[in-house]
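These are my notebook entries on one structure, written down in the order in which I looked things up.

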Amino acid sequence: MLASLRACVADFRQGPREPWPQVAFAGRSNVGKSSLLNALFGQKLAQVSKTPGKTRTLNYYLVNNRCFFVDLPGYGFAAVAKSERESWGRNVTDYIVHEERLKLVVALVDPRVPTSPLDQALLALCREAARPVLVVLTKADALSRGALAAERLRVQRDLQLEDLPLVFSAKSGEGKRELLKAIAERLPTPLFG
Ligand SMILES: Nc1nc2c(ncn2[C@@H]2O[C@H](COP(=O)(O)OP(=O)(O)OP(=O)(O)O)[C@@H](O)[C@H]2O)c(=O)[nH]1
Ligand SMILES: [Mg+2]
């Protein structure tokens, strides 16, 4: 997959001008958004950190010259100033509600922690804005098979999803092919070839 970083902005109106469809990657801080993108890209383009709150802007990656993958700032990180937290929330909400080229929100969820009201709020926002959502459980390598299967059912129930969430591990590469296939199926134009 051909990918390059094209823009880092706080306000989506300052983002790239190209008409290509956009796929956003959203989720709580530290859930593994940047790691997942690097795994999909097959190279380390996005900055990863053990400290939550690493990604603070909307980062646009041009993929195969026909689509943007957008790494969103994580939500729910308590250690930054309230005013800054609010402005991130506003920027992300604004983007999800108003960006016409946004065709899919990939909502990342950590299967090891109870469902957060913030995850519920993201899903509610996407539903309200009529944005298709794909829920993906990250860090699949950190759980046993049995535990992961149980958490998939729990998250499906908690978030009232029609389908089981996908599972993904940036560490092992598990779920990479399935995720790319699911994204490609939801785009108006082919992602590959
Ligand atoms: N075991 C395991 N750890 C992971 C995986 N993906 C990410 N991590 C770890 O989780 C931490 C956060 O990863 P990031 O990719 O920076 O998370 P993020 O969602 O981009 O975080 P923010 O930019 O702060 O919102 C890092 O310490 C990663 O090494 C995974 O698949 N398995
Ligand atoms: Mg990040």
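**Entry 1: Thr115**

Is Thr115 buried or exposed? Before answering, I note that I am working with a predicted model. I looked up the accessibility and found a relative accessible area of 19% for Thr115; because buried means under 20%, Thr115 counts as buried. I then looked up where Thr115 belongs along the chain, and found that Thr115 is in the loop between strand E5, residues 102-109, and helix H3, residues 117-128.

Next I looked for partners of the Thr115 side chain. I found a polar contact of 3.0 Å between the side chains of Thr115 and Arg154, and I also found a polar contact of 2.6 Å that joins the side chain of Thr115 to the side chain of Asp158. Arg154 and Asp158 brought me to helix H4, which I have as residues 145-158.

**Entry 2: what surrounds ligand 1**

How many residues surround ligand 1? I noted 21 of them, and I wrote down the closest as Lys33, Ser35, Gly53, Asp141 and Ala170. Sorting the shell around ligand 1 by class, I recorded four nonpolar, ten polar and seven charged residues.

I then looked at the oxygen atoms of ligand 1 and at the side chains that approach them. An oxygen atom of ligand 1 is 2.7 Å from an N or O atom in the side chain of Lys33, and for the side chain of Ser35 I noted the corresponding distance to an oxygen atom of ligand 1 as 2.6 Å. In the side chain of Lys139, an N or O atom is 3.0 Å from an oxygen atom of ligand 1. I also noted that ligand 1 on its own has 660 Å² of accessible area, of which the protein covers 87%. When I looked up the pockets, I found that the space taken by ligand 1 is the largest pocket.

**Entry 3: helix H1**

Lys33 made me look at helix H1, which is formed by residues 33-41. How many of the nine residues of H1 are buried? I found eight, so that I describe the helix as mostly covered, on the cut-off of under 20% relative accessible area for a buried residue. The buried residues of H1 are Lys33, Ser34, Leu36, Leu37, Asn38, Ala39, Leu40 and Phe41. Just after H1 comes Gly42, and I noted that the phi angle of Gly42 is positive, near 75°.

**Entry 4: the loop between E6 and H4**

Lys139, which I had already met at ligand 1, is in the loop between E6 and H4. I looked up its backbone and found that phi of Lys139 is near 55°, which is a positive value in a residue other than glycine. The relative accessible area of Lys139 is 24%, and Lys139 is therefore partly exposed.

Thr138 lies in the loop between strand E6, residues 133-137, and helix H4. In contrast to the partly exposed Lys139, Thr138 is buried, with a relative accessible area of 2%. I also checked a distance from C-alpha to C-alpha, and found that Thr138 and Thr93, which are 45 residues apart in sequence, are 22 Å apart in space.

**Entry 5: the loop between H4 and E7**

Following the chain past H4, I looked up Gln160, which is found in the loop between H4 and strand E7, residues 166-167. Phi of Gln160 is near 50°, a positive value in a residue other than glycine. Is Gln160 buried or exposed? With a relative accessible area of 64%, Gln160 is exposed.

Leu161 has its place in the loop between H4 and E7, yet I found Leu161 to be buried, at 16% relative accessibility. Between the C-alpha atoms of Leu161 and Asn64, which are 97 residues apart along the chain, I noted a separation of 30 Å.

**Entry 6: Gly15 and a distance along the chain**

Last, I looked up Gly15, which is in the loop between strand E1, residues 3-9, and strand E2, residues 22-27. At 9% relative accessibility, Gly15 counts as buried. What separates the C-alpha atoms of Gly15 and Tyr60 in space? I noted 7.6 Å for this pair, although Gly15 and Tyr60 are 45 residues apart along the chain.

Conventions:
Residues are numbered from 1 along each chain as its sequence is written. Chains are lettered from A and ligands numbered from 1 in the order in which they are written. This is a predicted model: local features need pLDDT of at least 70, side-chain atom pairs count only at pLDDT 80 or more; totals for chains, interfaces and linings use all residues. Side-chain values use heavy atoms; hydrogens and water are left out. A residue is near a molecule or strand if one of its heavy atoms lies within 4 Å of it. A polar contact is a pair of N or O atoms within 3.5 Å; within protein, one must be able to donate a hydrogen and the other to accept it, and residues adjacent in sequence count only if both atoms are side-chain atoms. Accessible areas come from the Shrake-Rupley method with a 1.4 Å probe; for residues, only the protein chains shown count as cover. On a 1 Å grid over the protein atoms alone, a cavity is a set of points where a 1.4 Å probe fits but cannot get out, and a pocket is an open set with protein on both sides within 12 Å along at least five of seven lines; lining residues have an atom within 4 Å of a point. A molecule sits in a cavity or pocket if more than half of its atoms lie within 2 Å of its grid points. Ala, Val, Leu, Ile, Met, Phe, Trp, Tyr, Cys and Pro count as nonpolar, Asp, Glu, Lys and Arg as charged, and the others, Gly among them, as polar. Helices (H or I, at least four residues) and strands (E, at least two) are DSSP runs, numbered from the N terminus. Buried means under 20% relative accessible area, exposed over 50%, partly exposed in between (1.4 Å probe, protein chains only).
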